[in-house]
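Biologist: Could you show me the model, please? I would like to go through it with you step by step.

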Amino acid sequence: MRGDDLRRGLVQVASALIASLGTGQADAAAAEIRFVDVAENAGLDFVLEHGPTPSKHLIEAMPGGVAVFDSDGDGRTDIYFANGASVPGLEKLSPKQWNRLFRNKGGMRFEDVTERAGLAGAGYCIGAAAADYDNDGDTDLFVAGVDRNFLYRNDGSGRFEDVSLSAGIRSGVWAVGGVWLDYDVDGLLDLFVVNYLQWSAEFDAYCGDPRADVRSYCDPGLFDGLSNRLYRNLGDGTFEDVSESSGVARHVGKGMAAASADYDIDGYPDIFVANDKMPNFLYRNLGDGTFQETALLAGVALQDHGMAVSGMGVDFRDYDNDGRPDLLFTALAGESYPLFRNAGSGLFRDVTFSSGMSAMSFNRSGWSIGLVDFDNDGWKDVFAANSHVNDTVEHFQATQYRLANSIHANRGDGTFLEVPEAGLDAVRAHRGAAFADFNEDGRMDAVVTALGERAELWQNVSVGTGNWIAFDLVGSESNRDGIGAQVRIGGQVNEMTTSVGYASSRHGAVHFGLGAAETVPAVQVRWPSGTVQDLSDILANRVLRVVEPGHSGRTRAP
């Protein structure tokens, strides 16, 4: 969030030179990726209320998380929005500040069921994370916010109860989001909470240009950071704070997002945290209940140029189909969106430049991001929800505040290509984004929030897309979500995780594009329990329920 300096200027020159060489013409398949915003016709009338004030409290720039999950067990993906509150009081004073749940009625139509579900919420909320933490077959919800966090238990009928206090989920600092994972592989989903920085309403420094009477949101460098929190699921509806004993609390950062994947393929899920203007964290799971912060050793603490960037939203997935999860996250204009390729042996390579992401994103600022196969060609593409953090940035820098979202098509050779004709033409202050096949046509759609404006629902109307398949995983009696399971189809690997982007979450079937293939000869599911399940000769273009061997009892709706 800081201004340009000499070193950034050098990077800008280098990036401009790369951009001047061009990235080639759009591939025919990539050129067919198209989206249409159908929010109004769909009945999705949510407006993100961020409570802007003349005092420019930093929290006003930060809300916008969205979670997509089946809240009522009918098999369709619903949409939940975290919402702000009054500032500086941090209370929801009117219904327009409520968090909102929209039930998917089918056919790309939604209805507001917030009151019926009991999810209007309280306080200034930032992000959300969905998962079945109590293994009862329905999806629960964690909501992170400024000084207040909430855990909502789903009773199985689409109604939610606030169990934060009885469950032992603490509040008191500025949390951005959460990640559900089974870090100790005991079959119970644990919760990692991403904390940002130490802020209070009493902070009232004037940042900006007083001579021109232009006040701005203050740089995060003026605030102290926070450690993140880890809660171990005890299996009785309560959690134990193991932040200290696990080693997580030893590292103070300014976390904007986190994601989980087993990057070293040792059977234990690891955690990456994108920090704001300081080195990132990579918590390597040692398998004994503790973590080692190894970002520097693994090569993801900083990019090759050695400068910390404004890490924002992150996705932790395999983009090059080599079976190892890679790291992609957003940053601000002048920094590019870093892409780290997992090279194996616990090491990553900075491929931001060679992949083309540097040239395409250098002049952009981004928040949420996702690696998703939008054209079903078998390669995960990039969707970025774009905007700068500071609404006065144009007074100080040669960049824009409001931006359109962007699509970067995966060319299958380690590089990406922007798709300028994708139809993502809404220029707004975008924040959160999550992805799902909302109308069940096999093409992945996107929902995006924007400060002070109506949410966008981008229906994927791409033509000439390939075949597809999605796997609805039902884990053992414990960890019924199968979070942490790895699904492999040929060279493609996707991991069941509900964390994505900035302050956002996606709970649903694991999706694969198949290109021209009409059948899948072989599928392998490696469950968190260590069980390996092989399937063969699967027909394309359907959602296939896969039940872990040995599972019995209640499951989610098909």
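Biologist: Is Val 474 buried or exposed?

Modeller: Val 474 counts as buried, because its relative accessibility is 2%; buried means under 20% relative accessible area, exposed over 50%, and partly exposed in between (1.4 Å probe, protein chains only). Please note that this is a predicted model, in which local features need pLDDT of at least 70, side-chain atom pairs count only at pLDDT 80 or more, and totals for chains, interfaces and linings use all residues. Residues are numbered from 1 along each chain as its sequence is written, and side-chain values use heavy atoms, with hydrogens and water left out.

Biologist: Where is Val 474 found?

Modeller: Val 474 belongs to strand 33, residues 467-474. Helices (H or I, at least four residues) and strands (E, at least two) are DSSP runs, numbered from the N terminus. The C-alpha atom of Val 474 is separated by 7.3 Å from that of Arg 545, although the two residues are 71 residues apart along the chain.

Biologist: Which residues have the most contacts inside the largest nonpolar core?

Modeller: They are Leu 151, Trp 180, Phe 471 and Leu 473, in a core of 35 residues. A second, separate core has 26 residues, including Trp 174, Cys 207, Phe 223 and Tyr 502. A nonpolar core is a set of buried Ala, Val, Leu, Ile, Met, Phe, Trp, Tyr and Cys residues joined through side-chain atoms within 4.5 Å.

Biologist: Let us turn to sheets. In what order do strands 10, 11, 15 and 16 stand?

Modeller: These 4 strands form an open sheet in the order 10-11-15-16, with antiparallel pairing. Two strands pair if DSSP finds at least two bridges between them. Strand 10 (175-181) and strand 16 (239-241) stand at the edges with a single partner strand each, so one side of each has no neighbour in the sheet. From one strand to the next, the twist averages 25°; axes are lines fitted to C-alpha atoms, for helices over the stretch in contact, and angles run from 0 to 180 degrees between N-to-C directions.

Biologist: And how many bridges pair strand 11 with strand 15?

Modeller: Strand 11 (residues 190-195) and strand 15 (residues 229-233) pair over 3 bridges in the antiparallel sense. Within strand 15, Arg 229 is the bridge partner of Val 193.

Biologist: What about the open sheet that contains strand 1?

Modeller: That sheet has 4 strands in the order 1-32-31-30, and the pairing is antiparallel. Its edges are strand 1 (35-37) and strand 30 (430-436); each has a single partner strand, so one side of each is left without a neighbour in the sheet. The twist here averages 20° from one strand to the next. Strand 1 pairs with strand 32 (residues 453-460) over 3 bridges, and Asp 37 has Trp 458 as its bridge partner in strand 32.

Biologist: Why is strand 26 described as largely enclosed?

Modeller: Strand 26 (residues 366-372) is largely enclosed by the rest of the structure because 7 of its 7 residues are buried. It is joined to strand 27 by 5 bridges, and the two run antiparallel. Leu 371 stands opposite Val 382 in strand 27.

Biologist: Now for charges. How many salt bridges are there?

Modeller: The count comes to 26 salt bridges, a salt bridge being a side-chain nitrogen of Lys or Arg within 4 Å of a carboxyl oxygen of Asp or Glu. One of them joins Asp 391 and Lys 56 at 2.7 Å, N to O. That pair links distant parts of the chain, 335 residues apart. Asp 391 is partly exposed at 33% relative accessible area, whereas Lys 56 is buried at 15%.

Biologist: Which residues are linked with Asp 72 in a network of salt bridges?

Modeller: The network links Asp 72 with Asp 74, Arg 76, Arg 103 and Glu 111. Between Asp 72 and Arg 103, the closest N and O atoms are 2.8 Å apart.

Biologist: How far from Arg 506 is the nearest side chain of opposite charge?

Modeller: That side chain, Asp 437, is 8.0 Å away, and the buried Arg 506 has no salt bridge. Lys and Arg count as positive and Asp and Glu as negative, while His and the chain ends are not counted. The side chain of Arg 506 does reach the backbone oxygen of Phe 435 at 2.7 Å and that of Ala 509 at 2.6 Å.

Note on methods:
Polar contact = N/O pair within 3.5 Å; in protein donor to acceptor, adjacent residues only side chain to side chain.
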